[in-house]
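Reader: I would like to go through this model a piece at a time. Please take the questions in turn and show the reasoning behind each reply.

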Amino acid sequence: MILAVDIGNTRTTFALFTQNGQLSFLSELETDRKMTDDQCAIRILEVFQLYRADIEDVKGSILSSVVPPVTGTYSRAIHRLTGNAPLVVGPGLKTGLNIRADVHNQLGSDIVASSVAAVALYPTPAIVIISHTAVSFSYLSQSAFEGCAIMPGMGIALEALSQNGAQLPHISMGRVDSPLGRNTVDSMRAGIVYGYSGAFDRLIETLESAAGTPAVTVVATGENVPEIFRRCKREISYDHDLLVHGLYLLYRKNTQKGNRR
C-alpha cells in the first residue's frame, strides 16, 4: 500500500492506494500547526483505525506540503510508523513535466501534483484549477507547465467581507439559487458565487489567449468549486481526488526501476 499525504493551509488529506493505484480510502482533517511528532503519529494511526486499515501494510509514502512548519513533523511521524521516510514533493523529484517557472522551488507542491495527474488523466492542453485558501489556475501544454495565475480563495473573500464590514455577519459558503439576494447572507453568498464564476471564465479565457491555444480540458479540484463552476459559461470538470492521484503517480515515477534519478 502507498500512503499519500497532502498538507494544506486549512486541511490535511490522507489517501491510501493499493500498489496498482486503486484508492483504498481518503480522509480529510483540519491542519494542526502545533502538533508534536507523537501527536502527529497518533493522528495518522487514528485515521487508519477509522478506515480499518493497517499501517504495517504501507510499503511507501509521499508527502506534499504548503505549510513548511508541519512538513518535518509529518515526515518524521510517517518514518516512525512505517520504517521509511516519505518522498517529499519538491526540487529534485522526477515529475515528467517541463516546468517553465523562473524559480522551481516556488511552485506549490499541490500545483505540481495536480498538474502531473491532469497530464496523465486528461487530454491536453489543459487548465487545472485548485481551490483551497487560494485559487490557482495552471495552464498545461502537453507535458509542459506553462505558468499559473493565483487569486484569493472564496473563504478568504467571505472572511474579508465580515471582518471589514461592521454590519456583515461571519458566514460560510452555501447554496445560492439567484444573484438577487434578498437578505444579507444570501446577498453575500451570491456576490461570491456569481462574482467568482465570472472570474473563473475570465481567467480561463485570458490564460488561453496568453498561451495561444484553447484548452481541451478544464478540470477543477478543491473546496467550493462545484457551487462555482455550475454558474460558469465554460465547461469545467470536477475531480475531487486529482491531487492525491497526482501524488501516487509521482511516487511511482520516482520509485519504479529505471525511473529513479
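Author: Buried here means under 20% relative accessible area, and exposed means over 50%. The model is a predicted one.

Reader: Is Thr221 buried or exposed?

Author: Thr221 belongs to strand 10, residues 217-222. Its relative accessible area is 3%. The cut-off for burial is under 20%, so Thr221 is buried.

Reader: Which backbone oxygen does the side chain of Thr221 reach?

Author: Leaving aside neighbours within four places in sequence, Thr221 is in contact with several residues, including Ser114, Ile129, Tyr238 and Asp239. At 2.7 Å, its side chain reaches a backbone oxygen, that of Asp239.

Reader: Which are the edge strands of the open sheet with the order 3-2-1-4-5?

Author: Five strands form this open sheet, and their pairing is mixed. An edge strand pairs on one side only, and that applies to strand 3 (23-30) and strand 5 (87-88).

Reader: What is the bridge partner of Leu63 in strand 5?

Author: Strand 4 covers residues 60-65 and runs parallel to strand 5, with two bridges joining them. In strand 5, the partner of Leu63 is Val88.

Reader: What angle does the direction of helix 2 make with that of strand 4?

Author: Helix 2, residues 68-82, packs on the sheet. It touches strand 1 (2-7), strand 2 (11-17), strand 4 and strand 5. Its direction makes an angle with that of strand 4 of about 170°.

Reader: How does helix 1 lie relative to helix 2: parallel, antiparallel, perpendicular or oblique?

Author: The axes of helix 1 (residues 37-50) and helix 2 come within 8 Å and cross at roughly 60°. Angles under 35 degrees count as roughly parallel, and 65 to 115 as roughly perpendicular. The crossing angle therefore makes helix 1, relative to helix 2, oblique.

Reader: Is the crossing of helix 1 and helix 2 left-handed or right-handed?

Author: The contact involves residues of both helices, among them Ala41 and Ile44 of helix 1 and Ala77 and Leu81 of helix 2. The hand of the crossing is right-handed.

Reader: Which residue does a cis peptide bond join to Thr124?

Author: Omega of this bond is about 5°. The residue joined to Thr124 is found in the loop between helix 3 (109-121) and strand 7 (126-131), and is Pro125.

Reader: Is Arg52 buried or exposed?

Author: Arg52 is found in the loop between helix 1 and strand 4. Its phi is near 55°, a positive value in a residue other than glycine. With relative accessibility at 78%, and the cut-off at over 50%, Arg52 counts as exposed.

Note on methods. Residues numbered from 1 in each chain as written. Predicted model: local features only at pLDDT ≥ 70, side-chain atom pairs only at ≥ 80, totals over all residues. Heavy atoms only, no water. Helix = DSSP H or I, 4+ residues; strand = E, 2+ residues; numbered from the N terminus. Buried < 20%, exposed > 50% of the residue type's maximum accessible area, 1.4 Å probe, protein only. Polar contact = N/O pair within 3.5 Å; in protein donor to acceptor, adjacent residues only side chain to side chain. Contact = heavy atoms within 4.5 Å. Pairing = 2+ DSSP bridges. Axes fitted to C-alpha atoms, helices over the stretch in contact; angles between N-to-C directions. Parallel < 35°, antiparallel > 145°, perpendicular 65-115°, else oblique. Left-handed = near helix turned anticlockwise from the far one by under 90°.
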